[in-house]
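Let's take a walk through this one by way of its charged and aromatic side chains. Have the viewer open and follow along.

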Amino acid sequence: MKRALIFDYDGTLIDTESIEFECWQRVYAEQDQALELKDLLHVIGGAVQVDMRAELERRLGRSLDWAPINERRLTHYYGLFEGLDLLPGVRRLFKEATERGWAIGMASNSSRAWVERGLSRFGLLDKVGSLRCRDTASRPKPDPAPFAEAVADLGAEPAVSIAFEDSATGVASVAASG
């Protein structure tokens, strides 16, 4: 019976969520607006995406020229991203799983391009046999599709596979996937 490890990406392999929040805080601060974590807790890890631009414009009561703002945000983001490392134990877990014949997959509500970029940066992309992301799974989390499809892609059995998640939305997806 084939077994698999299925990982969420953001917050589970690498802490990208903190730097994303920091970058949006900076954008809001440029417009004299405060952005607090409590403003986003209801969507972290979920299928619902907050339109941070629309929210800022709603607060300001006017439109903004997003091209230069987004360029500054992304420059800051990628600068911070380059300083990140995998969370403790991730590299060892990938190595040991591979040595023991476990298949490895990803189930993320991020885009496939984003997940591939990070996995490539850390030399892990070639170890991942399935990437089910918001743009490659039939439905996003909390639906069970990302995890169920990743396990199926790998030819593994859900009942003997292990999922790694960091959000209530993800845990609900895993539980529903078997």
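Start with Arg73, which is buried at 10% relative accessibility. Keep in mind that this is a predicted model. So who does Arg73 meet in a salt bridge? The partner is Glu20, with 3.5 Å from N to O. Glu20 sits in helix α1 (residues 16-30) and Arg73 in helix α3 (residues 66-82), so this contact ties together parts of the chain that are 53 residues apart in sequence. Unlike its buried partner, Glu20 is partly exposed, at 30% relative accessible area.

Now slide along to Glu82, also in helix α3. Its side chain forms a salt bridge with Arg121, at 3.3 Å from N to O. Arg121 belongs to helix α5 (residues 112-121), and the two residues are 39 apart, so here again distant parts of the chain are linked. Both ends of this bridge are partly exposed: Arg121 has a relative accessible area of 30%, and Glu82 comes in at 47%.

Stay with Arg121 for a moment, as the salt bridge to Glu82 isn't its whole story. Arg121 also lies over the face of Phe81, 5.0 Å from the ring centre. Phe81, in turn, is part of an aromatic cluster with Tyr77, Tyr78 and Trp114.

Within that cluster, have a look at Tyr78 and Trp114. How are their rings arranged? They make a tilted pair, 6.5 Å centre to centre with 50 degrees between the planes. Tyr78 comes from helix α3 and Trp114 from helix α5, 36 residues apart, so this is an aromatic link between the helices that the Arg121–Glu82 bridge also connects. Trp114 is buried at 15% relative accessible area, while Tyr78 is partly exposed at 27%. Across the structure, the count of aromatic pairs is nine.

For the last stop, jump to Lys141. Is it buried or exposed? Buried, with a relative accessibility of 2%. Its side chain meets that of Glu165 in a salt bridge of 2.5 Å, N to O. This time the partners lie in loops: Lys141 between β3 (130-132) and α6 (145-153), and Glu165 between β4 (162-164) and α7 (168-177), so the bridge ties together parts 24 residues apart in sequence. Asp8 joins in as well, linked with Lys141 and Glu165 in a network of salt bridges.

If you'd like to keep exploring, the whole structure holds 13 salt bridges, among them the Glu20–Arg73 contact where this tour began.

How values were computed
Residues numbered from 1 in each chain as written. Predicted model: local features only at pLDDT ≥ 70, side-chain atom pairs only at ≥ 80, totals over all residues. Heavy atoms only, no water. Salt bridge = Lys/Arg side-chain N within 4 Å of Asp/Glu carboxyl O. Helix = DSSP H or I, 4+ residues; strand = E, 2+ residues; numbered from the N terminus. Buried < 20%, exposed > 50% of the residue type's maximum accessible area, 1.4 Å probe, protein only. Phe/Tyr/Trp six-rings, centres within 6.5 Å; stacked < 30°, edge-to-face > 60°. Lys NZ or Arg CZ within 6 Å of the ring centre and 35° of its normal.
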